[in-house]
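Reader: I'd love a close look at one part of this model, taken slowly. Could you walk me through it and connect it to what lies around it?

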Amino acid sequence: MASPVKKVLRKSPVLKCPSFGCLKGVPAVNVTRGCLHRCSYCYARSFPETPQGEVHLYDNLPQKLSREITSRRRLPQMVTFSTASDLFQPHPEILKITYLSLKVLLEAGIGVSFLTKGRISGEFWDLFAAYQGLVKARFGLVSLSLTYQGLFEPRTANPYLRLRQIERANLLGLEPRVRVDPVVPGLTDQPEEIFKLLRTLKNVGVEEVSVSYLVLRPGVIRQLRRELPNEVFVSLLKAYEGMPWCRIITSATTKLAKKNLREEGYRIFRQIGEELGLKVRICGCKNPDLPFEPCFPWEGSFKGKLKQAELFGTNITGVQTDDPC
Ligand code: SF4
């Protein structure tokens with residue numbers, strides 16, 4: 001069988017800033033276009049530029065990063081990985097490019113934040129240990145149920161491996177945070193499920209989680225219809241009945257779950273979080289009809305230098321928010 005990974009050359013600059021949500025002003029790096037994890041709810045899969053049936057690997061990414069770092073007068077203090085693909089996908093060539101790219105950035109003193117549902121192998125832990133103060137680890141984990149994983153994210157690392165990785169990140173001082181996103185209405189928002197998840201996260205050293213319900217886009221609905229058992233799909237869709245299409249982040253055709261349902265779910269998350277001594281943030285970008293809460297991972301602590309005001313305002317040392325990076 002032909003490899004699903006095709007090497008391509010990245011032509012456009014890498015260290016440029018997206019202008020949306022919590023990522024505003026922070027260069028976002030993706031090692032691939034498309035993602036081998038193929039989560040059924042992933043909206044990046046339906047981007048027009050995402051290749052179908054294969055994943056494009058930016059084979060020249062470390063060299064491009066290296067050139068941009070040496071040629072720029074001002075460097076970002078940090079970059080974030082994995083806005084449209086996971087950096088730890090199960091493929092040796094992808095992992096090699098991920099490793100070299102991280103190394104180039106860390107050796108230049110640039111902080112790195114990543115979000116993953118993948119398996120992190122030994123050489124990465126050694127790298128993180130060497131640059132402990134520059135790495136912020138975030139893990140996606142919505143449920144400990146293997147049934148959930150099998151249905152929605154079957155090619156990711158299993159939830160128990162992710163827990164061990166979170167624990168390891170905590171022991172290394174990477175201050176791991178967890179994104180509980182997407183909460184699937186009626187499936188992963190039952191109080192006992194939430195309690196089990198948050199208690200386990202607390203036990204492995206997590207201090208903060210950010211939470212958001214699944215948002216639907218036309219392409220995501222098509223994927224879910226195709227990839228979920230019909231009864232699961234039909235029951236999930238009921239939570240969105242009658243909701244209008246609206247603009248969320250960069251997409252004008254997004255549907256939120258019913259407001260009362262989200263409010264009740266978030267209330268339960270907060271209440272359980274409070275009981276366990278775990279900070280629960282609700283993702284403001286994906287809940288524009290609720291009071292805004294930022295849930296970015298770098299608040300206050302890349303070597304203690306970055307502050308929210310610096311990242312989002314003016315007078316920035318190193319991080320440029322107004323100009324293209
Ligand atoms: S890991 Fe992230 S980018 Fe990859 S398919 Fe899943 S949701 Fe999409």
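Author: Happy to. One term first: a polar contact is a pair of N or O atoms within 3.5 Å, and within protein one of them must be able to donate a hydrogen and the other to accept it. Please keep in mind that this is a predicted model.

Let's take K255 as our part. K255 sits in the loop between strand 11 (251-254) and helix 9. The side chain of K255 reaches the backbone oxygen of M243 at 2.8 Å, which fits the 3.5 Å limit for a polar contact. K255 is buried, and yet it has no salt bridge. A salt bridge would need a side-chain nitrogen of Lys or Arg within 4 Å of a carboxyl oxygen of Asp or Glu, whereas the nearest side chain of opposite charge, E241, is 9.9 Å away from K255. Leaving aside neighbours within four places in sequence, K255 is in contact with V215, L216, Y240, M243, P244 and W245. M243 thus appears both among these contacts and as the residue whose backbone oxygen the lysine side chain reaches.

From the loop we can step on to helix 9. Helix 9 (residues 259-276) lies across strand 8 (177-183), strand 9 (208-213) and strand 12, and runs at about 165° to strand 9. These strands belong to an open sheet of seven, ordered 2-5-6-7-8-9-12, with parallel pairing. Strand 2 (28-29) and strand 12 (279-282) are its edges; each has a single partner strand, so one side of each is left without a neighbour in the sheet. Further along the order, strand 6 (residues 111-116) and strand 7 (residues 135-140) pair in the parallel sense over five bridges, and F114 has A137 in strand 7 as its bridge partner.

For a companion view, there is also an open sheet of three strands, in the order 1-4-3, where the pairing is mixed. Here strand 1 (5-8) and strand 3 (32-33) stand at the edges with a single partner strand each, so one side of each lacks a neighbour in the sheet. Strand 3 and strand 4 (residues 55-58) run antiparallel and are joined by two bridges; T32 has L57 in strand 4 as its bridge partner. Helix 2 (residues 92-107) lies across strand 1, strand 3 and strand 4, at about 35° to strand 4. Within helix 2 lies T98, which counts as buried because its relative accessibility is 0%. Not counting residues up to four places away in sequence, T98 touches V31, L87, F88 and F124.

Terms used:
Residues are numbered from 1 along each chain as its sequence is written. This is a predicted model: local features need pLDDT of at least 70, side-chain atom pairs count only at pLDDT 80 or more; totals for chains, interfaces and linings use all residues. Side-chain values use heavy atoms; hydrogens and water are left out. Two strands pair if DSSP finds at least two bridges between them. Helices (H or I, at least four residues) and strands (E, at least two) are DSSP runs, numbered from the N terminus. Contact means heavy atoms within 4.5 Å. Axes are lines fitted to C-alpha atoms, for helices over the stretch in contact, and angles run from 0 to 180 degrees between N-to-C directions. Buried means under 20% relative accessible area, exposed over 50%, partly exposed in between (1.4 Å probe, protein chains only). Lys and Arg count as positive and Asp and Glu as negative; His and the chain ends are not counted.
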